[in-house]
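Welcome, and please open your viewer. This tour moves from stop to stop, telling you what to select and what is there.

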Amino acid sequence: MNYPQAFQDLVDCFKRLPGIGGKSAERLAYHVLSMDKKYVDEFSAAIGSIQTKIHYCKKCGHICEGEICDICQDPDRDQTTICIVEDPKDVFAMEKVKEYHGLYHVLHGAMSIMDGKTMDDLNIASLFERLDDSIKEVIIATNLTRDGETTALYLAKLLSKKNINTSRIANGLPIGSNIDYADELTLLKSLEGRKKI
């Protein structure tokens, strides 16, 4: 027996979301079916308005509702440091740490040979427009994946032509892990990134 078409359409929409398989999509559709109509209307309006209300900051590429994001507008931020990340969600992750007080630049992805994504597809041109004499340090905080590392190396090469201190976030063993479970590359990076105690 097939689902009614409207129900199946909702299941199919949920299945397009990352990490949602068939069973999870069905559970979500049943949940929506059981929700109060007022909440369904609010939920629908929020989904419908996100693409019209959310924009990318013209300066850094982070998400915002205006032309410039709150971080770029904040005069209390360290205006001499820029942290380069792959996605807006990385900005939120960095902000949760509450230790970094500089600016950001969002690339909107990483170089990927498999996906055919080159540096031309990333938000890099606007980064170099921002690199004037006031910028003292650029922190490359791309993901610690093959694509993230490739992007970081490429950016480091480009940035080496500027008179700006460039650094890469440290990587290695996560807290709470056992050495014997780590792969060789993680152990190598841990050794390379060691600090004096």
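## First stop: Ile-63

Select Ile-63 and show what surrounds it: beyond its neighbours within four places in sequence, Ile-63 is in contact with Ile-54, His-55, Tyr-56, Cys-69, Pro-88 and Phe-92. What you are looking at is a predicted model. Ile-63 belongs to strand 2 and is partly exposed, at 30% relative accessibility. Now add Asp-87 to the selection. Ile-63 and Asp-87 stand 24 residues apart in sequence, and their C-alpha atoms are 9.5 Å apart in space.

## Stepping back to the whole chain

Zoom out and switch to a cartoon view. How many helices and strands does the chain have? There are eight helices and six strands. If you trace the chain along the sequence, you will meet them in the pattern α-α-α-β-β-α-β-α-β-α-β-α-β-α.

Turn the model around for a sense of its dimensions. Along its principal axes, the C-alpha trace spans about 65 × 45 × 35 Å. The radius of gyration of the chain is 21 Å, whereas a compact globule of 197 residues would have one near 16 Å.

Next, try a surface view. The chain exposes about 13,800 Å², and carbon and sulfur atoms supply 56% of that area. Of the 197 residues in the chain, 29% are buried. If you colour by charge, you will find 25 positive and 30 negative side chains, with the centres of the two sets 2 Å apart. As for how the chain meets itself, take the contacts between residues at least 6 apart in sequence: 48% of these join residues at least 24 apart.

## Along to Gly-66

Return to strand 2 and move on to Gly-66. This glycine is in the loop between strand 2 (63–64) and helix 4. Gly-66 counts as partly exposed, with 37% relative accessibility. Select His-55 as well: it is eleven residues from Gly-66 along the chain, and 7.0 Å separates the two C-alpha atoms.

## Ile-71 in helix 4

Go on to helix 4, which covers residues 70–73 and includes Ile-71. Is Ile-71 buried or exposed? Its relative accessible area is 14%, so Ile-71 is buried. Not counting residues up to four places away in sequence, Ile-71 touches His-62, Arg-77, Val-91, Glu-95, Gly-102, Leu-103 and Tyr-104. For a longer reach, pick Ser-126, which is 55 residues from Ile-71 in sequence and 16 Å from it in space, C-alpha to C-alpha.

## The cysteines

Now select the cysteines and display their sulfur atoms. How many disulfides does the structure hold? The answer is zero. A disulfide is a covalent bond between the sulfur atoms of two cysteines. The closest cysteine sulfur to that of Cys-57 belongs to Cys-60, and at 3.8 Å it is too far for a bond, because a disulfide here requires the two sulfur atoms to be within 2.5 Å. Cys-83 is in no disulfide either, since its nearest cysteine sulfur, again that of Cys-60, is 11 Å away. Check the surroundings of these residues too: Cys-57 counts as buried at 5% relative accessibility, and Cys-83 counts as buried at 0%.

## From helix 5 to strand 4

Select Lys-98, in the loop between helix 5 (88–97) and strand 4 (102–106). Most residues other than glycine have a negative phi. Lys-98 is not a glycine, yet its phi is positive, at about 60°. Lys-98 is exposed, with a relative accessible area of 62%.

Stay in this loop and pick His-101, which also lies between helix 5 and strand 4. His-101 is partly exposed, at a relative accessible area of 47%. Leaving aside neighbours within four places in sequence, His-101 is in contact with Arg-77 and Asp-78. To link back to the cysteines, add Cys-60: His-101 and Cys-60 are 41 residues apart in sequence and 15 Å apart in space, C-alpha to C-alpha.

## Last stop: His-108

Finally, follow the chain past strand 4 to His-108, in the loop between strand 4 and helix 6 (125–130). His-108 has a positive phi of about 65° although it is not a glycine. With a relative accessible area of 22%, His-108 is partly exposed.

Definitions and conventions. Residues are numbered from 1 along each chain as its sequence is written. This is a predicted model: local features need pLDDT of at least 70, side-chain atom pairs count only at pLDDT 80 or more; totals for chains, interfaces and linings use all residues. Side-chain values use heavy atoms; hydrogens and water are left out. Buried means under 20% relative accessible area, exposed over 50%, partly exposed in between (1.4 Å probe, protein chains only). Helices (H or I, at least four residues) and strands (E, at least two) are DSSP runs, numbered from the N terminus. The radius of gyration is taken over C-alpha atoms; the globule rule is 2.2 Å times the number of residues to the power 0.38. Contact means heavy atoms within 4.5 Å. Accessible areas come from the Shrake-Rupley method with a 1.4 Å probe; for residues, only the protein chains shown count as cover. Lys and Arg count as positive and Asp and Glu as negative; His and the chain ends are not counted. The place of a charge is taken as NZ of Lys, CZ of Arg, CG of Asp or CD of Glu.
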